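The following note is offered to a colleague who wishes to read this model at the bench. Its points run from single elements to the whole chain and then to local details of the backbone.

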Amino acid sequence: MKRKDIDYSLYLVTARHLLPPNKAFLESLEEAIVGGVTIVQLREKDVDSREFLEQAELCKTVCEKHGVSLIINDRVDVAVAIGADGVHLGQTDMKVAQARMMLPEGSIIGVSCNTVEHVRAAVLDDVDYIGIGSIWGTQTKKLTNPVIGVRGVGPMLEALDGTNIKAIAIGGVKSTNLLRTLYGAVSATNHKLDGIAVVSDIIASKEPLNAAKALKTILSGFQSRG
Ligand code: TZP
Ligand code: MG
């Protein structure tokens, strides 16, 4: 099956509790998309099922309006219920094979990877993308595994050689360290990242449009370098 042609370059992961005062979630989301976000993951840990479903529906409306894919964190049932583009699964969430049975054909499945062994398992599962992290320290998620560091990314990318699985770096990625992230996160086989995922650098900003734009400008400059 042909993989969906998705632009993973600037992947926004949500966290409503990090919004600045007086900033509405959907307003922030829409501004971020206009600023250059190419794909969105709804990741809200402290809400009940009904509220999560409502948020998912609202996010879907905004994402659809701008032609941006919407991925649901953890909850395969919610992804199915709202007709999202796919799911993002952690190492202790539902197994990929089970999720695939529940999702419509062609849905995107992404998996969090912290080690080369995780990547090898994701390759066997034939996922669409992997999130590699955490690259840097972060306040956004309580980390249960050590920070990888940019130099730890290379071997994980190498484990994707010969596959069509996309790689996204996550964890503490900001406009201030993005170039270091992009230049550092390359394998010995010259396998590069397909995107970066960001939570706080965009969501906690009073100006999400400009925050996304700043990241996008750096990404574009890196991609078009000689
Ligand atoms: N997975 C690994 S680190 C992380 C997630 C969801 C949080 C990243 O947040 P931030 O604010 O971009 O550091
Ligand atoms: Mg999870």
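1. Packing around helix H9. The buried residues of H9 pack against strand S1 (10–13), helix H1 (25–35), helix H7 (178–184), strand S8 (195–198) and helix H8 (200–203). The residues concerned are Pro208, Ala211, Ala212, Ala214, Leu215 and Leu219, each of them buried. They lie on the same side of H9, because the arc that they cover around the axis is only 155°. It should be kept in mind throughout that this is a predicted model.

2. Geometry of H9. Does the length of H9 agree or disagree with its residue count? At 1.5 Å a residue, its 16 residues should span 22 Å, and the end C-alpha atoms are indeed 22 Å apart, so the two values agree.

3. The nonpolar core. The largest nonpolar core comprises 67 residues. Tyr11, Val40, Ile130, Ile132, Ile168, Ala169 and Ile196 are the residues with the most contacts inside this core. Helix H9 (residues 208–223) is the element that gives the most to it, contributing 5 residues.

4. Surroundings of Ile130. Which residues does Ile130 touch once its neighbours within four places in sequence are left aside? Its contacts are then Gly110, Val111, Cys113, Val119, Ala122, Ile165 and Ala167. Ile130 is also among the residues with the most contacts inside the largest nonpolar core.

5. Helix H1. In H1, the buried residues are Ser28, Leu29, Glu31, Ala32, Ile33 and Gly35. Their cover includes S1, strand S2 (39–42), H2, H8 and H9. After H1 comes Gly36, which has a positive phi near 135°.

6. Ile202 in H8. Ile202 is found in helix H8. Is this residue buried or exposed? Ile202 has 30 other C-beta atoms within 10 Å and is therefore buried, the cut-off for that class being 20 or more. Leaving aside neighbours within four places in sequence, Ile202 is in contact with Leu12, Ala32, Pro208, Ala211 and Ala212. Of these partners, Ala32 is one of the buried residues of H1, while Pro208, Ala211 and Ala212 are among the buried residues of H9. The C-alpha atoms of Ile202 and Leu19 are separated by 9.1 Å, although the two residues are 183 residues apart along the chain.

7. The annotated domain. An unreviewed UniProt entry carries the annotation "domain: Thiamine phosphate synthase/TenI" for residues 10–202. In the model, the end C-alpha atoms of residues 10–202 lie 11 Å apart. The span is 35% helix and 19% strand.

8. The chain as a whole. The secondary structure of the protein comes to 9 helices and 8 strands. For 226 residues, a compact globule would have a radius of gyration near 17 Å; the protein has 16 Å, so the value agrees with that expectation. Along the principal axes, the C-alpha atoms fill a box of roughly 45 × 40 × 35 Å. Of the 226 residues, 44% count as buried. Among contacts between residues at least 6 apart in sequence, 67% join residues at least 24 apart.

9. Ser49 at helix H2. Ser49 lies in helix H2 (residues 49–66). Ser49 is exposed, because 11 other C-beta atoms lie within 10 Å and the limit for that class is 12 or fewer. The C-alpha atoms of Ser49 and Arg75 are separated by 9.2 Å, with their positions 26 residues apart along the chain.

10. A cis peptide bond. Which peptide bond is cis, with omega near 5°? The bond in question runs from Gly133 to Ser134. Ser134 is placed in the loop between strand S6 (129–133) and helix H6 (153–158).

11. Positive phi at Asp74. Asp74 is not a glycine, yet its phi is positive, at about 70°. This residue lies in the loop between strand S3 (69–73) and helix H3 (76–82). With 19 other C-beta atoms within 10 Å, Asp74 is partly exposed.

12. Positive phi at Asn190. Asn190 is likewise a residue other than glycine with a positive phi, near 65°. Its place is in the loop between H7 and S8. Asn190 counts as exposed, because it has 10 C-beta neighbours inside 10 Å.

How values were computed
Residues numbered from 1 in each chain as written. Chains lettered and ligands numbered in written order. Predicted model: local features only at pLDDT ≥ 70, side-chain atom pairs only at ≥ 80, totals over all residues. Core = buried A, V, L, I, M, F, W, Y, C linked by C-beta atoms within 7 Å. Helix = DSSP H or I, 4+ residues; strand = E, 2+ residues; numbered from the N terminus. Contact = placed C-beta atoms within 7 Å. UniProt positions renumbered as here; feature names shortened; annotations may be inferred. Expected span 1.5 Å × (residues − 1). Arc of directions from axis to C-beta. Rg over C-alpha atoms; globule rule 2.2 N^0.38 Å.
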